[in-house]
Amino acid sequence: MTVELDAPPRATPAWTRRHLLGLEDLSSAEIETILRKADDFLEVSQRSRKKVAALTGRVVLNLFFEPSTRTRTSFSLAARRLSADTVDFTVTGSSTSKGETFIDTARNLEAMGVDVMVVRHSSPGAPHLLAQHLSCSVINAGDGAHEHPTQGLLDVYTIQRAKGRVAGLTVGLIGDIAHSRVARSNIHALTKLGARVIVCGPPTLVPPTIRRLGVEIAHRFDDILPQLDVVNLLRVQFERQRKGLFPSIHEYAALFGMDSQRLRRAKDDVLILAPGPINRGVEVTPEVADGPHSAILQQVTNGLAIRMAVLYLLCGQRSADRQASENAPVREAAETP
Amino acid sequence: MKTLLLTNGRVIDPSQNIDAVTDLWIRGDTVLGIGPQPNLIPDRVINVSGLIVCPGLIDMHVHLREPGREEDETIATGTAAALAGGVTSVACMPNTEPAIDSQAQAEFVYLQAERAGNANVFPIGAITKGRRGEELAEIGGLVEGGAVAFTDDGSPVVSAEIMRRALEYCKMFDRVVMDHCEDLDLARGGVMNEGFESMRLGLPGMPAAAEEIMVNRDIILAELTEGRLHILHTSTAGSVDLIRRARKRGVRVTTEACPHHFTLTDECLRSFDSNFKMSPPLRTQRDVEAIIEGLKDGTIEVIATDHAPHAPEKKTRELDQAPNGVIGLETLLPICIRSLIEPGHLTWPQLIEKLTINPARILGIDRGTLKPGADADVTVIDPNLEWVIDPTQFKSKSRNCPFAGWKVRGRAVLVLVSGQIRYQYPENPALS
């Protein structure tokens, strides 16, 4: 196993994509390929020497147009554990504060020799636009309210590891569904893997059209709670309250917050997830977040393995593309130190 | 004066109920007549057999961007695009910088159009000073300067009181008031139509209700004032229904549809391509069908492009930050053929009517007809010519076209303005 992960990644028939832009486009087989690869890397993370040589000489750039510490750190660490060089580039405020479009920013950075660009942006579709304009691989690390594919993957991975399966489970996504990229990526991954998904929140935050993604809609948390094998508590975004989508944080917490009283009405083996960063006392109370049902910290650990798996698979496909285009398989070997 | 004969074409002139293979005679800058003229010897004969000959097309909803945003379009480039699309007259919107809200501004448009020497341009004046929606512009002065209609297009008239007074005041000049119907509160922040597609893409939506609420308000005000109302770029099934019912009970309301609204749906936004972003936005298949139904039953009397150029550096951006609007002059005909003629929704005379005499009537301009003595604005269409839409070849200064790469059929091959040949295709003349 170690020997294989120390060698440059190769393409497999199971993975032929150069970009990871969203989970809506992936097949269940592709999702399972990532989860299986993550198993390998979870093992690497448990060693004392947490590093393999797979991506030696590759460059991974984190291009973040939105503040993030957790996701960016997770991608950086994932890349380093694969021996890639990493660069973080965070654009605070407007991407055009110096008059440059975000595409130009990305192209300039790519010209420095980037293999994989990890992009977070507040505009849905921004990573898709970059994938069209750049020749490096693009990973969507969250685009507005659209998708956050590695979060969706790490959530299903966490469920699979805790429950032994995903198919047949009933998963509740609780909170602001309308504006949540985590909700969308979770819905795509969970439905493809055969879970039953119930989305639950106030009607101002749950668009009725979401049924067409194959989920059920509920507005009363207490009604659905006893059926749930997994509860995923989406982060409350405070600016939604200012826009009048719910009256107060206090009322939100009363209706949709997970506290120990609610936990008693849930299944004995209910699994609690939260994509974080969590607002303690709002969507989840401290005793639940830190209690035995909570998988919040496992999500973070698993996220690292998922991101290593994604980087590895994308770089493997890049090598294959390069070999195909140059028709010179010798080159790949020459690149290996 | 020289005499020109366009012989053997299918002459379609809905203003006279003509649809026949015959001759069109032009003397100098006016139409002499339709049909054989045994006693006349033409100075020049152009054989147009197999082609359609009709009054020059009129596009009553065009943004020429001049003055103020010449990086997007100028009156010269916009009118060159018009000619290439077979359009001999455009009415241009007043959302320029500064807005066309005074007599001098209107006269400037005529001056620039004359300098360009392409298509005719009829300026539409702003309803309110600076398009700020606060107080009426000098509508009398604008009429004096040649403004043919009034609108704050780009923005709705938010105040019902101002809209009411505009409808009343314009009656004095028998001019139509046009509104961009959008409830700004409901549509705020919206990037596309609100529905399943906006939900799955995570993009903020503009509900159909945002349009329909204001369409309904304007109809009620037109009823109150007995003024003349024209609803710009109707895009929803609900709007079509409201307008249909209002017309039935005698309200003086007309409307127009844009080719993109009866051809494309909000599914196009899955590409995150800003060339599918405009206001009102692309709606659903149900709305597309309702607009086609409205075109068929006459509720929608006019087809207009809402040609809205934006320079590539502005449009090639994150979808939610790119400006609204697409260009349409150079794709008007083939898209109408593909969406309306080929499926059998409209006949050629019905289509030509919506592109000639109907907009001329609404604007009160003396165009859109081939009656003897009329200005000889003529468009000759090859309905079967196949071509591929390539925005890099456009006369327009901008490239924000949602139909790039489409293989289409039909285009204008000869365009006359006041008896002069102003455009032919291919551009190295083979016809004459």
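In this predicted model, 20 residues of chain A are in contact with 14 residues of chain B. On the side of chain A that touches chain B, the helices α4 (102–110), α5 (126–133) and α7 of chain A each supply at least two residues, and the largest share, three residues, comes from α5(A). By character, the residues on this side of chain A divide into nine nonpolar, eight polar and three charged.

Helix α7 of chain A, which spans residues 181–192, also packs on a sheet of chain A, where the helix touches β5, β6 and β8 (230–233). The direction of α7(A) makes about 160° with that of β6(A).

The sheet itself is open and has five strands in chain A, in the order β7-β6-β5-β8-β9, with parallel pairing. Strands of a sheet pair through backbone hydrogen bonds, either parallel or antiparallel. The edge strands here are β7 and β9 of chain A, each of which pairs on one side only, and the twist averages 20° from one strand to the next.

The residue ranges of the strands are as follows.

| Strand (chain A) | Residues |
|---|---|
| β5(A) | residues 170–174 |
| β6(A) | residues 196–200 |
| β7(A) | residues 216–218 |
| β8(A) | residues 230–233 |
| β9(A) | residues 271–273 |

Strands β5 and β6 of chain A pair in the parallel sense over five bridges, and within β6(A) the bridge partner of A:L173 is A:V199. Both of these strands are touched by α7(A), a helix that also supplies at least two residues to the side of chain A that touches chain B.

How values were computed: Residues numbered from 1 in each chain as written. Chains lettered and ligands numbered in written order. Predicted model: local features only at pLDDT ≥ 70, side-chain atom pairs only at ≥ 80, totals over all residues. Pairing = 2+ DSSP bridges. Helix = DSSP H or I, 4+ residues; strand = E, 2+ residues; numbered from the N terminus. Axes fitted to C-alpha atoms, helices over the stretch in contact; angles between N-to-C directions. Contact = placed C-beta atoms within 7 Å. Nonpolar A, V, L, I, M, F, W, Y, C, P; charged D, E, K, R; others polar.
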